[in-house]
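Visitor: I'm new here, and I'd like a close look at a single part. Could you pick a place where two helices meet and walk me through it?

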Amino acid sequence: MCRNDGVKYLSERFHSYLAPGFLFLIFFLTECWINPIGNFPLNDDWVYVRVLRSLHEHHYIDTRFWGGAAMLSHILYGELFVTLFGFSITILRIATLVSAFIGLIFLYRLLREFAGCSNRNAMFGTFILLFNPLFLSLANTYMTDVPFVSMLIIGLYAYLRYENGSSRYSWVLAVFCFTAAILSRQLSLALVAAVGLYGFIQHRLRKPVLFLPVIVPIVSLGIFEYWHRHQEGSHISAGYSYIFYSVEHSDSLLFLKSFTVQLCKRWTHVTSITGFVCFPLLIPYLFSFLRKRHDDKIKTILISLPFLLLVGVSMVHFPLGNYLYNTGIGADTLAPPGTLPGPEDASAFFPAMLILAFLGAWGGLLFLTHQVLRFLSHTKKTGALLFIMLVCFLFYYLAICLSNALFDRYFLFFGVFIIPCMMISAESDVNYKFALPLIILMAFFSANGTKDYLQKNRQRWEAIDFLKTRIGASDAQISAGYEHEGLFFGETSKWFDKWKNEPAAIYLVSAKRNDGYQVLKTFPYQRFIPYTTDTIFVLKRHAL
């Protein structure tokens, strides 16, 4: 008895102190290797930087160029950090890293308390998210994606604690986090709606407090949308009419046709991308399922195979692009539109990416098929967390099918919340000794790929600084990629034409040599995926 009490005490101490400390150590060492320092924008975060700068320097929110995301809470969160530490993009990137770490801590707690995981398995599930290449690369930007999922994780944890009676006042935290998430990215409605549906089915109206985490965020979003639409100079809606562009810009029949087509085919991309970013969890499950005996094993395999075939066919377009490319990790925004990496640019790691994605996709299909069959046969009781996750997956998928635009980072949501689903239902079916080498492989790919991404952009902005300080060129004379044109010319529509080099700039900052331009200077840097020396070129247009 004494020995058991001692083990229980040590387990509780690990849960309370050692696990977060160990997670912080791994997170900190990973970021030291990546090196997030650098006062330069990445991908779309120049939009948020421009809006935040107007708030910080002029004390008003400039709505002339607003992103598709609601992003209000994201801007206010950034303002807190720049007020405390001064304005710089490095500080904003660190703010995102702080939100990422907090989200990881609460995912660990969610797995421990509501997925029934041991300390070891909860830590393993948390590392799956940490080394998710979408999560880690986006955590090193000022994009909305990581703070949005972190707020959802915290809000879900707080909601479940109140729902099961563990805490009397955690609903307040749930209200705050769900509201912050929905005012960052409107697609948070998927989880909020799933929580509301669960609360209604489980409790009807007997616990009205459970509906506050649903009502308050939705009302807040409605107030924000009304405010934004009536701002002077606001020419882009921050709400659904912008995100779901096809809703306003197509007639109803064309929209219905587009939505139906996307509904039927986008699940294949969700499956392959999620299969890759969660392969350390899904591949061990796949081999464990195939090795063990199950009553419905043959039926599950036969049902999954046609879907796997469709996923395999769709993988001719893998990866979709934006953060995962056949050359590594990171939005390839230095090149003009239409000149993104082709098959000839693929790194030696890409065939392995395809294999891992395919096997992970099959593992995911087997898991989902098996859970559905168990549910239909009434051998599986669906708990609160699993019910909410499965319903929010459906709602979120319907939402992304409404949009014409599609980027791989939209699928981060699935890569995050499939973890508690798997850990609840299949914890005993995963061989963690087999999974450990896979998560080390994922960590190697994600950390080095993200390091390459930041180093490439660091050299790009050093090249821009060289042109401006040594050559005396103005920003108008320089074409240096998407972020440069947006940051300095984003208040007009001309910035996108300038990114396309129309008209051609005098100076180019490019990853390749360009016909009609001579090389002024090169900025070499070390890549790790693949391991080679790469170069950023500073080019000047030949005299006519």
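Guide: Let's begin with a bit of vocabulary: angles under 35 degrees count as roughly parallel, over 145 as roughly antiparallel, 65 to 115 as roughly perpendicular, and the rest as oblique. Keep in mind that this is a predicted model. Now find helix α9, residues 189-203, and helix α17, residues 384-401; they pack at an angle of about 135°, and their axes lie 8 Å apart. That is why α9 and α17 are called oblique to each other. As for handedness, α9 and α17 make a right-handed crossing.

So who does the touching? On the α9 side you'll find Ala190, Leu191, Ala193, Ala194, Val195, Leu197, Tyr198 and Ile201. Facing them from α17 are Ala384, Phe387, Ile388, Met389, Val391, Cys392, Phe395 and Tyr396. Sort the residues of this contact by kind and you get 16 nonpolar, no polar and no charged.

Now step back to the setting. The protein chain holds 21 helices and six strands, and 57% of its 544 residues are buried. Take the chain's contacts between residues at least 6 apart in sequence: 76% of them join residues at least 24 apart. On the outside, the chain's accessible surface comes to about 23800 Å², with 65% of that belonging to carbon and sulfur atoms.

One more helix before you go: α20, residues 482-489, has six of its eight residues buried, so it is largely enclosed by the rest of the structure. Those buried residues are Tyr482, Glu483, His484, Glu485, Gly486 and Leu487.

Definitions and conventions. Residues numbered from 1 in each chain as written. Predicted model: local features only at pLDDT ≥ 70, side-chain atom pairs only at ≥ 80, totals over all residues. Heavy atoms only, no water. Axes fitted to C-alpha atoms, helices over the stretch in contact; angles between N-to-C directions. Helix = DSSP H or I, 4+ residues; strand = E, 2+ residues; numbered from the N terminus. Left-handed = near helix turned anticlockwise from the far one by under 90°. Contact = heavy atoms within 4.5 Å. Nonpolar A, V, L, I, M, F, W, Y, C, P; charged D, E, K, R; others polar. Buried < 20%, exposed > 50% of the residue type's maximum accessible area, 1.4 Å probe, protein only. Areas by Shrake-Rupley, 256 points an atom, 1.4 Å probe, with all protein chains shown as cover.
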